[in-house]
Amino acid sequence: MKGKLIVFSAPSGSGKTTVVRALLKRKKFKFEFSVSATSRNKREKEKNGIDYYFLSAADFKIKIKENAFVEWEEVYENQFYGTLHSEVERIRSNDNNVIFDIDVAGGLNIKKKYKDECLTVFIMTPSIEELEKRLKKRGTETEASLKKRISKAKYEMTFSKDFDIIIINDKLETAIEETINNVREFLTS
Ligand code: 5GP
């Protein structure tokens, strides 16, 4: 049996990364994180090969031509992000399951390709007002970037119905438990 794929997508501020980290800690699920390639600049604390494979925009475009990507998106202008076939195959050949933390469009494209081998999970806050509250509390956004993220979140939420499961992250512990139960069921089915 080849490893299975679990895709997590969510508007920024929904707690997706925390849920993904909780799953990666459960060793019995044998998850490995799919490291994406990107052409955006590396942030100070990030490591090549751990957070992303950092490529120049030119090298990224060469890889697109070579069909090296399972999916790719220009998430922001001239900033490309994509999942490499080699990454998915590397993890599956280690007999591990693959976990993805990617945007909504990318997540749905992975589902299209891997179908029943893939579970897509959409994580959202109980309401847009709650999302706004959390983003403000996080304190990482300016008024303008907050507006951008909220309007992107509203757009992304219109795709939630296309995901296999939707987790409402009201209380974090409950959201993690609910995710674990769904993932366990999928991996053993
Ligand atoms: P950041 O620059 O903050 O790390 O990520 C920006 C956005 O790109 C996030 O929404 C993230 O989920 C998305 N992203 C990261 N990796 C991939 C990928 O491989 N494919 C796609 N389509 N989106 C990705």
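1. A salt bridge here is a side-chain nitrogen of Lys or Arg within 4 Å of a carboxyl oxygen of Asp or Glu, and by that rule the count comes to 13. Please keep in mind that this is a predicted model, where local features need pLDDT of at least 70, side-chain atom pairs count only at pLDDT 80 or more, and totals for chains, interfaces and linings use all residues. Residues are numbered from 1 along each chain as its sequence is written, and side-chain values use heavy atoms, with hydrogens and water left out.

2. A good place to start is the pair Lys2 and Glu89, whose side chains form a salt bridge at 3.6 Å, N to O. This pair links distant parts of the chain, 87 residues apart: Lys2 sits in the segment before strand S1 (5-9) and Glu89 in helix H3 (residues 85-93). Helices (H or I, at least four residues) and strands (E, at least two) are DSSP runs, numbered from the N terminus.

3. Helix H3 also holds Glu87 and Arg90, three residues apart and so separated by about one helical turn. Their side chains meet in a salt bridge of 3.1 Å, N to O, and Glu32, Glu87 and Arg90 are linked in a network of salt bridges.

4. Is Glu87 buried or exposed? At 2% relative accessibility, Glu87 counts as buried, while Arg90, at 33%, is partly exposed. Buried means under 20% relative accessible area, exposed over 50%, and partly exposed in between (1.4 Å probe, protein chains only).

5. Helix H5 has a pair with such spacing too: Glu130 and Lys133 lie three residues apart, about one turn of the helix. Their salt bridge is 3.5 Å, N to O, and Lys133 counts as exposed at 55% relative accessibility.
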